[in-house]
Amino acid sequence: MSTGMFLDTNNLYHRVRKKFGDTQKIDYGVLLDKLAEQFGELGHKAAYGVQINGKSQAFIGWLAFRGFETHYYDLHLTEEHRGQTKIPRLHMPTILAIHALSKVTNDPSAFDTIILGTAEPTFKILAKQLTYMGFKVVIVGCDVPDDLREAATEVIEIDETLLEAGKDG
């Protein structure tokens, strides 16, 4: 048995910046090492997010190099009237949830643990469903809300040890 991991990288990015400062970022290498040490083989890794005007290509490439399926959508910002920038709406939690449920439904014996990398409260529904299906559900996030904590089997709060070195907030 192994672990399936589904990361909402935009949520992780924004939560870390809000808690630790605008210059802080997760050190995904350290995070992956910690999770592999704690949960064993990370048999499936998927990362979800959006990039604006193609600005996240290096990060997406790094994720792919580390074995992640990457599901990134490029948003092209357009100017709206009165100088306001319009940001197209894309609901990544829905896409991530559909992919996660499809993966575990197609091969339920492949995993015993599912890691959801997010602190987005709407994932409590997915966490509850996965728990109901018999999986250990681990939430990895920053300032994880209580209702999401309660829906999970375990929560790992991102702290300073999981941030890139040499950055100060």
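**Chat about a pocket, a lysine and strand 7**

Modeller: Before you ask anything: this is a predicted model. Let me start with the largest pocket, where at least two lining residues each come from helix 1, helix 2 (28–39), strand 2 (42–52), helix 3 (57–65), strand 3 (69–75) and helix 4 (92–106).

Colleague: Nice. Which element gives the most to that lining?

Modeller: That would be helix 1, which puts seven residues into the lining of the largest pocket.

Colleague: And what volume does the pocket have?

Modeller: About 910 Å³. The lining has 31 residues, and those closest to the centre of the pocket are Thr9, Asn10, Tyr13, His14 and Val50.

Colleague: How many of the lining residues are nonpolar, polar or charged?

Modeller: The lining of the largest pocket splits into 15 nonpolar, nine polar and seven charged residues.

Colleague: Okay, let's switch to lysine 19. Where is it?

Modeller: Lysine 19 is in helix 1, which covers residues 9–20.

Colleague: Why does lysine 19 count as partly exposed?

Modeller: Because its relative accessibility is 39%, and partly exposed is the range between under 20%, which is buried, and over 50%, which is exposed.

Colleague: What does lysine 19 touch, leaving out residues up to four places away in sequence?

Modeller: Its contacts are Cys142, Asp143, Glu157 and Ile158.

Colleague: How far is lysine 19 from aspartate 159?

Modeller: In sequence, lysine 19 and aspartate 159 are 140 residues apart, while in space their C-alpha atoms are 9.6 Å apart.

Colleague: New topic: strand 7. Is it mostly covered or mostly open?

Modeller: Mostly covered. Strand 7 spans residues 136–141, and five of its six residues are buried.

Colleague: What does strand 7 pair with?

Modeller: One partner is strand 6 (residues 111–117), in the parallel sense over five bridges. Strand 8 (residues 154–157) is another, also parallel, with four bridges.

Colleague: Which residues stand opposite each other in those pairs?

Modeller: Between strands 6 and 7, isoleucine 114 is opposite valine 137. Between strands 7 and 8, glycine 141 is opposite glutamate 157. Glu157 also turns up among the contacts of lysine 19.

Colleague: And what does the chain do on its way from strand 7 to strand 8?

Modeller: The chain goes through helix 6 (residues 146–151), making a right-handed β-α-β crossover.

Colleague: What about strand 6 and strand 7, which helix joins them in a unit?

Modeller: Helix 5 (residues 124–132). With strand 6 and strand 7, helix 5 makes a right-handed β-α-β unit.

Definitions and conventions
Residues numbered from 1 in each chain as written. Predicted model: local features only at pLDDT ≥ 70, side-chain atom pairs only at ≥ 80, totals over all residues. Heavy atoms only, no water. Buried < 20%, exposed > 50% of the residue type's maximum accessible area, 1.4 Å probe, protein only. Contact = heavy atoms within 4.5 Å. 1 Å grid on protein atoms, 1.4 Å probe; cavity = no way out; pocket = protein on both sides within 12 Å on 5 of 7 lines; lining within 4 Å. Points joined across faces, edges and corners; volume = space filled by probe spheres on them. Nonpolar A, V, L, I, M, F, W, Y, C, P; charged D, E, K, R; others polar. Pairing = 2+ DSSP bridges. Right-handed = clockwise from strand over helix to strand, strands pointing away.
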